[in-house]
Amino acid sequence: MKPWEKNIRQVEPYVPGEQPKNGNVVKLNTNENPYPPAPGVEKARLAFSDDSLRLYPDPAASSLTDVLAEYYGLDSDQVFVGVGSDDVLAMAFLTFFNSELPVLFPDITYSFYSVWADLYRIPYERPALDENFRIVKEDYYRPNGGIIFPNPNAPTSLVEPLSFIRDILDHNQESVVIVDEAYIDFGGESAVSLLKEYENLLVVQTFSKSRSMAGMRIGYAMGNSSLIRALNDVKYSYNSYTMNRPSLVMGVEAVKDDAYFRETIQKIIKTREEAKSRLADLGFTCLDSASNFLFATHKRVPAKQIFTELKEEGIFVRYFNSARIDNYLRITVGTPEEMEKLYQALARYQ
Ligand code: PMP
């Protein structure tokens with residue numbers, strides 16, 4: 001080892017789902033939305049003037065925080081935006097999780113949480129989901145340095161009611177509780193309504209799933225103004241201009257078109273519910289998804305084999321080679337046409 005090598009930070013990075021170079025695949029592996037963003041987003045893209053690119057964007061990203069605040073009935077100082085919710089969540093770990101006590105999150109959850117905790121050297125513990133892949137709320141009734149979980153959880157797809165979130169908050173008045181609502185628009189009730197009552201709650205959402213803008217990278221956090229101020233202080237100590245100009249303009253347009261947003265979500269929910277019964281007919285058991293993906297296991301054929309064989313045919317789904325979930329596939333809900341191709345490919349395992 002060279003002397004300087006001992007000072008290099010050693011991290012085991014998060015591995016995102018594959019983005020195939022060849023466009024000719026049925027891509028059901030990264031929970032993207034199969035429909036385009038709202039028409040106003042494309043219009044804004046075409047109208048975007050290159051001339052403004054020589055100027056820095058608004059460091060406060062006010063146009064976007066204002067429109068989001070209005071949409072959710074909050075004040076503008078209750079919203080923080082970042083480069084995808086990954087950026088917002090990473091910033092939140094850095095800002096709020098500075099205790100000697102462990103941060104708590106489930107053993108089976110978004111696998112980026114342990115990566116950020118390792119990166120920032122935050123201690124953490126991962127209470128196990130129960131045998132039905134449910135979060136056990138009593139596991140979070142103990143001293144901790146913060147709590148984070150997705151609702152619906154990923155990759156399980158299962159949602160918890162607002163009463164569950166409230167219970168966790170009632171038992172944790174001394175640490176920041178972050179609810180990662182990346183998938184909430186597909187079937188859950190947002191904890192935004194609890195912000196009035198709990199000043200230690202941070203709700204994080206994204207434009208990547210329900211607003212079809214994964215490629216644009218926009219995420220946001222909503223919370224008490226003092227939490228948002230703390231996030232901004234960390235952000236301005238790190239990078240003043242996280243949000244680029246095109247993202248700001250197009251993000252605003254996406255929020256404005258609520259009718260399109262709702263219609264797209266309804267289409268995905270309809271396809272998801274069809275998929276639950278079609279996959280059951282094909283020998284799969286799916287958890288009761290409230291998300292834009294299904295978590296499915298086959299009665300006979302190992303998940304890894306199905307994953308590999310589907311991939312050879314140009315159908316990409318997600319497989320996690322980790323304890324307890326290594327016989328499951330996470331399948332993003334695509335268009336009805338894409339799902340039909342999936343069912344046809346799966347028919348051989350029936
Ligand atoms: N949270 C969860 C639970 C997710 O599954 C994802 C998507 N990988 C994210 C956050 C991050 O999404 P994005 O950075 O695209 O907003």
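Modeller: In this predicted model, helices (H or I, at least four residues) and strands (E, at least two) are DSSP runs, numbered from the N terminus. With these terms, S157 is placed in the loop between β5 and α5.

Biologist: Why is S157 called buried or exposed?

Modeller: Buried means under 20% relative accessible area. S157 has 0% relative accessibility, so it counts as buried.

Biologist: What is the sign of phi at S157?

Modeller: Phi of S157 is positive, about 80°, although S157 is not a glycine. Most residues other than glycine have a negative phi.

Biologist: Which peptide bonds are cis in the loop that holds P152 and P155?

Modeller: The bond joining N151 and P152 is cis, with omega about -5°, and the bond from A154 to P155 is cis, with omega near 5°. Both P152 and P155 lie in the loop between β5 and α5.

Biologist: Why is S212 called buried or exposed?

Modeller: The limit for buried is under 20% relative accessible area. The relative accessible area of S212 is 12%, and therefore S212 is buried. S212 lies in the loop between β7 (201-206) and β8 (219-223), and it has a positive phi of about 60°.

Biologist: What makes up the lining of the largest cavity, by class?

Modeller: That lining has 4 nonpolar, 3 polar and 1 charged residues. S212 is one of the lining residues, which also include A38, R211 and Y260. Helix α8 (residues 258-281) gives the most to this lining, with 3 residues. The volume of the largest cavity is about 50 Å³.

Notes:
Residues are numbered from 1 along each chain as its sequence is written. This is a predicted model: local features need pLDDT of at least 70, side-chain atom pairs count only at pLDDT 80 or more; totals for chains, interfaces and linings use all residues. Side-chain values use heavy atoms; hydrogens and water are left out. On a 1 Å grid over the protein atoms alone, a cavity is a set of points where a 1.4 Å probe fits but cannot get out, and a pocket is an open set with protein on both sides within 12 Å along at least five of seven lines; lining residues have an atom within 4 Å of a point. Grid points are joined across faces, edges and corners, and a volume is the space filled by probe spheres set on the points. Ala, Val, Leu, Ile, Met, Phe, Trp, Tyr, Cys and Pro count as nonpolar, Asp, Glu, Lys and Arg as charged, and the others, Gly among them, as polar. Buried means under 20% relative accessible area, exposed over 50%, partly exposed in between (1.4 Å probe, protein chains only).
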